[in-house]
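Student: I would like a close look at a single part of this model, taken slowly. Please keep to the packing of helices.

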Amino acid sequence: YADNSKILSIAIGTGEKTYAFPIQHPQTPGDFDYKHVLDRLVRLCKKVPMIAHNLIFELEWLHYFIPGFAYCSKQFQDTMAQAYLLSTNIKKLDFCIRKHFGFSLKGLSDIEIGKLQETNLDIVLHYNALDTKWTHRLFEKQAVDIKAEGLEKVYRSQIDRLPSLVLAQNKGILVDTQFVAEQVQIMQDDFNKAETIFNNLPEVKMMLSDPEGKGVVNPFSTPDVRNLFWQYYGIPTSQKSFDEEYLSTLKIPAAKVILDLRQTNKMHSTYIAPYSPGEDCIIYPDGRVHTSYNSLRTLTGRLSSSGPNLQNSPSTKSGKKYLRNVMRAKPGHILVAIDYAAIEYRMISALTKDPVMIQAVIDGIDPHMFWAKKLAVAYPKKVKDPNDPKQMKEWRSIIKNLWVFPALYGCSYKSI
């Protein structure tokens, strides 16, 4: 999505014969019609399966340069998806080749991935062709293992969702730069206030005035915080961690102020700074962010998002506005939030064929609220007013993540 992005070469073929074509490499001959190659590639993929390693990556690039490519193939295949299902720890192409064929594919090419534009074209084409040749051979080898393990349907479900993810990545999300600028100022003001409060705490002022001290107490430094709490609160130096979980248990003014400082800093660095002008800004020239949906990264098979993580953009209010407002619809459009009701519970009911769970789904019972009400009675100190919708909504969220799902996924009673 950057202005200077380009495809240097493309290789097609099988484990027996492979062809590599220069596309936008600086040494591509001036009279070579690479657009003709791309056109023929589309025609070919409509007739035969397209096999790649890390298919979603290949599809996103090709769809960007050839609109519509993400859904042009007769059937897509992905050796990385195969490897992921067979062993979540071994997914890189070179690792897979080592495992199944006993040699290093990287070792066959003396090449630096980050310097392909400066590398001789013949070397780049040879490297590209080798990758394609051994990707095809790897596919054939792993296809046998997928079938033997009974993973064919699971594998197909992994592949069939990729074109939709590519389209979502390609579309991207518009960023409200004015909102970002406002949040930068709000968070800076919040940080300055918390920092002033921290520096004016009696114990901090004493440390700052200590002639034998270093004249600064860094609330983000574990040694500094440990020293502060040891000297003025008697907390032993054997306490190793002063993270959010531990600080939140302390009834000490300094602990709360440190938490506020760290929280504000985290919110800014994670959710606002990446959208601010600068060399680390993740907004592309089209004014959008293009996240990557990772379908082969989690141990559970669930989808994750990175660069940025759009799945976990917090709903926490900052400056009386939600941080999710960094995303906006283009003029004349609106953003719509859609969420399936208890989809995981429904899926587990269908897969396990548990009669009680299935009946609960048929009866329209909210399983998380069902258990929230029961546990509110069992633990009356946890919920002050079970008739308060706001309190019960918060309690339901806790029970969903700490009771219902742990029970469904096999946690022991000690963990629950």
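In which crossing, left-handed or right-handed, does helix 4 pass helix 5?

Tutor: This is a predicted model, in which local features need pLDDT of at least 70 and side-chain atom pairs count only at pLDDT 80 or more, while totals for chains, interfaces and linings use all residues. Residues are numbered from 1 along each chain as its sequence is written, and side-chain values use heavy atoms, with hydrogens and water left out. Helix 4 passes helix 5 in a left-handed crossing, a term for the near helix being turned anticlockwise from the far one by less than a right angle. Helices here are DSSP runs (H or I, at least four residues), numbered from the N terminus. Helix 4 covers residues 93–101 and helix 5 residues 121–148, and the two pack at an angle of about 60 degrees with their axes 10 Å apart; axes are lines fitted to C-alpha atoms over the stretch in contact, and angles run from 0 to 180 degrees between N-to-C directions. That angle makes helix 4 oblique to helix 5, since angles under 35 degrees count as roughly parallel, over 145 as roughly antiparallel, 65 to 115 as roughly perpendicular and the rest as oblique.

On the helix 4 side, L93, C96, I97, H100 and F101 meet residues of helix 5 that include W134, L138 and D145, where contact means heavy atoms within 4.5 Å. By class, this contact has 6 nonpolar, 3 polar and 4 charged residues (Ala, Val, Leu, Ile, Met, Phe, Trp, Tyr, Cys and Pro count as nonpolar, Asp, Glu, Lys and Arg as charged, and the others, Gly among them, as polar).
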